[in-house]
Each structure stands twice: as structure tokens, then as C-alpha cells.
Amino acid sequence: MIKIAQKLKDQLWWLIITVDYNYSRISIADHDMTDDTLTLWLEDKHDFKNSLDECLQLDISLKNFAKVIKAENLNSYEGQRLHPNKQFVYKTRVQINEAITWYKQDATLVEQQWAREAMLRTILTQLVETEAAVNKSW
């Protein structure tokens, strides 16, 4: 579970309400990555902003970003391995590289975009599911 500050939750809810709960309208206007943070700037596809200052800035720790990359199996593929001692072949997930290293060095531009979009989906899903669980009256 990704920890989201209350102020950011409120801003995300405002964005969700602004897009009439149509999550596909929320787009990543731009992104940036430092040694410890992935920053996504979010906007409504039907209301593009003139500058990033007008967009919602979402800062995510690289630790949480790495968890999403692993959970989505973006840095691995299904492959076959030969057991070293018993000499039989088995199916397994083969890791290409550690999550953040994969993102920076191995992923194509499209794969990087998929990873960022998966991060956004994860946060929005968590926000909605957490709110639904809190407001459950049965």
C-alpha cells in the first residue's frame, strides 16, 4: 500500500471529480525522476494546461515505483529454466533487471510509459478502494 498524504488525496479526488469519474481522462502531462523520487504531473485530457504549474504534481518514492514495476511483471518475462541439479526444464518468471535499473536502462520508451501509467492506475485504484472501504455502511 502506498502512503498518500491527505492533502494529495484531496487534490486527487478533486481531479477525479473534475473528469466526471472517467479515469481514462486523467493523463500524465510530464514526468521526472531523481535518485529517490518519481514525479508525475497530472491533467485532464479535455482541459490541457499551459504549464506544469497548473497540473497536479504527484511525487512517488522510487521504492513504491519499484513495487509497482515488480507487481505488474514489467521487468520480467515468462521463460524456461533448466534445474541445475535435477536437469529438468521448468517455467518461471525471468527477471531482466532490478525494477528501477530496468526502467532506466533496459525499458523502451513505450515500456517506461506503461510503467508510469501502471503507477498512476495503482494510486487511483488504491485511493478509490480505500475510500470505498471506509465509507462502507454494512
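## Salt bridges and nonpolar core

At 45% relative accessibility, Arg121 counts as partly exposed, a class that lies between buried (under 20% relative accessible area) and exposed (over 50%), computed with a 1.4 Å probe on protein chains only. The model is predicted, so local features need pLDDT of at least 70 and side-chain atom pairs count only at pLDDT 80 or more, while totals for chains, interfaces and linings use all residues. Residues are numbered from 1 along each chain as its sequence is written, and side-chain values use heavy atoms, with hydrogens and water left out.

A salt bridge here is a side-chain nitrogen of Lys or Arg within 4 Å of a carboxyl oxygen of Asp or Glu, and the count by this rule is five; among them are the following.

| Pair | Closest N to O |
|---|---|
| Arg25 and Asp20 | 3.8 Å |
| Arg25 and Asp44 | 2.5 Å |
| Arg121 and Glu72 | 3.8 Å |

Asp20, Arg25 and Asp44 are linked in a network of salt bridges, in which Arg25 is buried at 12%, Asp44 is buried at 5% and Asp20 is exposed at 59%.

The largest nonpolar core, a set of buried Ala, Val, Leu, Ile, Met, Phe, Trp, Tyr and Cys residues joined through side-chain atoms within 4.5 Å, has 33 residues, and Phe65 is one of those with the most contacts inside it. Leaving aside neighbours within four places in sequence, Phe65 is in contact (heavy atoms within 4.5 Å) with residues including Met33, Leu38, Tyr103 and Met119.
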